[in-house]
Amino acid sequence: MHARHHRSPTRTPSSSSSSSMSSSSSLPFYYKIPPFTSLVNALEPTSSSAIAPSNAHENRSTAQHSSSFTMMRGISSGVSERARALWRACLASALRTALACAVVACATLYGPPPLRRAASLPAFSYVTVILVVTDASLGDALRGCWLALCATAQSVGPAILSLRLIGPARLSGGTAALAVALASFVVALPGAATHGTAKRIALGQIVLLYVMGYIEKERIEAVTHPLHVAASTAVGALSCPLALSLPFPRTAGHEIKENCRAYVENASKRLKLFARAFLAEDDASALAFISQAKCLSHAGSKLLQNIKRRQEGALWERVPFTSLRSYHTSPGERLQESLETQLRGMETALTSITSFPVTLPDDDGPLKNCKLALDEHITLIMRQSEGWLFPGDSTSTVPESISENLTGFFESLRKVPTLPEHLPSIFFLFCMQLLRSKTTPSTSPQDNPLKKDEQLTTGEENGLPFCFRRVWNEWGFKMSPKRLVPAFKCSLSLGLAVLFGLIYSKEDGYWAGLQIAVNYSSAREATFKVANVKAQGTVLGTVYGVLGCFLFQRFLPVRLLSLIPWFVFCSFLRKSKMYGPAGGVSAVIGAVLILGRRNFGPPSEFAIARIVETFIGLSCLIAVELLMQPTRAASLAKRQLTDCFGQLRECIVAVTTLGVLDDAKMSRLEETQKRVKMRVLELGKCIEEAEVEPNFWFLPFHSACYGRLLGSLLKMVDLLHFCGHGRKFLEQESSALEAAAAASKEALNKLRSDLALFRDLATSSLKCFEEINSIKSLSLLEKQLQEATGSCDLESGKATKPNQPMPCLDEGDVEKMVGSYLQHTREVLHGIGGGGGGGSNGVEAENSIKSEMVLSLGALIYCMSSFLREAREIEKAMKELVQWENPTSQIANSRDLLREIQA
């Protein structure tokens, strides 16, 4: 360490500069940055015997030293802040859960005798608490009470009728399993129309109603037993709002406001870092700023997730004060659309810049005198964001002078880029301009989606007709496979679990079905992984409960207090990738059922019985999943990838086809973009499931290749988003452009031809990817090709279908198309100058049109060229994927493979 600490530099400044000059200018700048260890070494003091460098080299080293130190300090502070936030969240959730369980314990153990007799199933009270209060706000708890009431109406009412008809004394194990299966099918059939928490509570009640009715059929009555189940559920549900109100309420509205403020501050820091990177004097400083902004972007994504998760709870907190008035403001979606997407675009632009300092296509060469303009632009964006997020805040006013200064800066960008290297800088400024337009408060309801949504809901969704129509649409008898298959799987798995659980142990048979019921999910999930973490969580919680009973067997209050550290630990388990929510909830329930009750027998015997019953229930669940849905997640990911290619083709045609963009076409374009994004996100879910599913005798899933494909597809989705905004701005100025100069019409037609060429290249590539991805076996394809070639009748007179070659996506050809596009763009702007006149107002209007056209057209061509580069990356990944699936075949390139497919 000491020898490394006092080493002297061996490379001279001249050699350093010459090596940097010899690097390829076409590579992105981060390929020319020395390793991160050199940045760390820059922090170490040099020895006194070191050779004194020149002033220029000294200044460069000082800049690298400060930027590296700033980056490391920002990373360390960000990590510590995230750790503190995680601890605060886990402690708050654990204490609220412990308080709710304490309320249940006091009610069921020390409450009045009538209450204790009514709530005769305290175990399910604890289960209800865990299902409702886990990481919840006051609004979530109020919603949980409503969902518990709906679940009770679904299960208890029909159970009273069926028990009176059958009679508890005539119940058997098979009859109870059949009743559980039929009732669970009815509960699971509505699909997404019923909340998941309501389904879990209803399914748990169904298991207790019929299985406990069979176990204690000599002592229960057809009416009192369902009422006891309902009372136990009510005790657990009502304890949740009480726990979240004491000692002070934990409201979702307050958390949304705090998270919004934190996100705006996070976005402001990222914007400033991006601006500093854009104005950096060397590559090392720019890399340091971008790396620090990437660390902040992870925190920003977490804040957005927290905001979106709390939005539904905030609606329930408004119900007592606003009656049934709708509340459709969604700050999470608005922040995602107005800030987060544009920030990702700015990061993409910065990582595409080949070298720093940045140059713009103006007469001065390097970018000068823009630091003040960018700082004012960031201030304007942040104040506008705070203005529509917090309208009552007096600090969110926007000075008019800032807007005037920025107008002059952006109007100075009137020269079309001459080199492709200028396009990332133009795209960066386009994203900055888009940020300002997205955060500008709208004055009319037609321009404000929030007010328009509120007007639609208040005008159409009020009153009983809408309520009945919504109930009919969601609960109507639409027997689609999307509803029938999950309901039948739930019914069959619960019925089998109850049947085999009762065969193993009549006294504890309900735990097998209860394990499936409280973790039910109608969506597809990684069955083996979820079953594994549920089993592990159950074992962990049960063992902790047995140890707690052994240590504090005679002190029930101490046993309840011992749950607090376990709740904290399980809060971390829920947020971990290894266990997730399913494992954390199972661990909590396993401990509470032992430490929160008494008079249930020896804890060790109960623990063994519950673990065995849990294994029986999970085994039934896995068996039903394999029988009812044998398609592997890897196969679904392959199909979903093909669908993504098709949706991207449709979207790119809609985005790059210039023409009159009315409201109907704009809405269709937005719907197409949303549909593409949803398909890509579904592909990500399939990839996550395929990564954790067992291979068995199948080919292993190539997660690395699919990960690269998903990354390229996500970038394509963002690029198409910016293409849509660029086209929107372009259409706004096209009428003024054609009115200014007739010569611009011909130039616009050339631009349309250039965009059509890009569109044809992109859509042809995506079509070829679809065909390549449809290959099931390359050896079978070669065999079919040989048979088709041998049996070809040349004298039959039938014309063969011409093969469509795979388009060439070489970098040189893309640069030629970019150059042609830029030349035609210059012709368009030259035509605007010919139509000048009209005094100072006409000159200002002409400059405004030119600046908007430069930014929009530059952003459009940058997105299209980047789209083709991502298509080239997809081509490489598809070749690797086909080779992985056909290891015995030799694949030279994708074009030869496509010829074989088409032949």
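## Contacts around Phe427

Two residues are in contact here when they have heavy atoms within 4.5 Å of each other. By that yardstick, and skipping residues up to four places away in sequence, phenylalanine 427 touches Gly345, Ala349, Phe722, Ala859, Tyr862 and Cys863. Keep in mind that everything below describes a predicted model.

Glycine 345, one of those partners, sits in helix 13, which runs over residues 331–352. With a relative accessible area of 2%, glycine 345 is buried. Its own contacts, leaving aside neighbours within four places in sequence, are Phe427, Cys431 and Phe722. There's also a C-alpha to C-alpha distance of 9.4 Å between glycine 345 and phenylalanine 430, a pair 85 residues apart in sequence.

## The overall picture

So what is the protein built from? The secondary structure comes to 33 helices and zero strands. The chain has 903 residues, and 49% of them count as buried. If you take the contacts with a separation of 6 or more, 84% are between residues 24 or more positions apart.

As for the outside, the protein exposes about 43600 Å², with carbon and sulfur atoms supplying 59% of that area.

## Two nonpolar cores

The largest nonpolar core has 115 residues, and Leu271, Met346, Phe427, Phe428 and Leu713 have the most contacts inside it. Helix 32 (residues 839–885) contributes the largest share of this core, 19 residues. Apart from that core lies another one, of 95 residues, with Ala94, Phe124, Ala151 and Ala237 among them.

## Buried spots along the helices

Helix 20 (residues 510–518) is an easy one to read: nine of its nine residues are buried, so the helix is largely enclosed by the rest of the structure. The buried residues in helix 20 include Tyr510, Trp511 and Gln515. Gln515 turns up again as a contact of threonine 614, along with Thr538, once neighbours within four places in sequence are left aside. Threonine 614 belongs to helix 25 (residues 603–628). Is threonine 614 buried or exposed? The cut-off for buried is under 20% relative accessible area, and threonine 614 comes in at 3%, so it counts as buried.

Leucine 209, in helix 9 (residues 196–215), is buried too, with a relative accessible area of 0%. Not counting residues up to four places away in sequence, leucine 209 touches Ser155, Val156, Ala159, His225, Pro226 and Val229. The C-alpha atoms of leucine 209 and isoleucine 160 are separated by 9.2 Å, and the two residues are 49 apart along the chain. Then there's glutamine 647 in helix 26 (residues 633–656), buried because its relative accessible area is 12%. Glutamine 647 touches Arg675, Val676 and Arg679, again not counting residues up to four places away in sequence.

## Empty space inside

How many cavities of 30 Å³ or more does a search of the whole structure find? It finds four, and the largest has a volume of about 50 Å³. Rolling a probe the size of a water molecule over the atoms is what shows where empty space is left.

The lining of the largest cavity consists of Ala94, Thr97, Ile130, Thr134, Phe567, Ser571, Arg574 and Val588. By class, that's four nonpolar, three polar and one charged residues. Helix 4 (55–109) and helix 23 (563–574) each supply at least two residues of the lining, and helix 23 gives the most, with three. Ala94 lines this cavity and is also listed in the 95-residue core.

## Backbone oddities

Most residues other than glycine have a negative phi, and most peptide bonds are trans. Three places in this model go the other way. The peptide bond from leucine 246 to proline 247 is cis, with omega near -5°, and proline 247 is in the loop between helix 10 (224–243) and helix 11 (252–278). The bond from phenylalanine 356 to proline 357 is also cis, with omega near 5°. Proline 357 is in the loop between helix 13 and helix 14 (371–389).

Aspartate 135 isn't a glycine, yet it has a positive phi of about 55°. You'll find aspartate 135 in the loop between helix 6 (122–133) and helix 7 (138–166).

Notes
Residues are numbered from 1 along each chain as its sequence is written. This is a predicted model: local features need pLDDT of at least 70, side-chain atom pairs count only at pLDDT 80 or more; totals for chains, interfaces and linings use all residues. Side-chain values use heavy atoms; hydrogens and water are left out. Helices (H or I, at least four residues) and strands (E, at least two) are DSSP runs, numbered from the N terminus. Buried means under 20% relative accessible area, exposed over 50%, partly exposed in between (1.4 Å probe, protein chains only). On a 1 Å grid over the protein atoms alone, a cavity is a set of points where a 1.4 Å probe fits but cannot get out, and a pocket is an open set with protein on both sides within 12 Å along at least five of seven lines; lining residues have an atom within 4 Å of a point. Grid points are joined across faces, edges and corners, and a volume is the space filled by probe spheres set on the points. Ala, Val, Leu, Ile, Met, Phe, Trp, Tyr, Cys and Pro count as nonpolar, Asp, Glu, Lys and Arg as charged, and the others, Gly among them, as polar. Accessible areas come from the Shrake-Rupley method with a 1.4 Å probe; for residues, only the protein chains shown count as cover. A nonpolar core is a set of buried Ala, Val, Leu, Ile, Met, Phe, Trp, Tyr and Cys residues joined through side-chain atoms within 4.5 Å.
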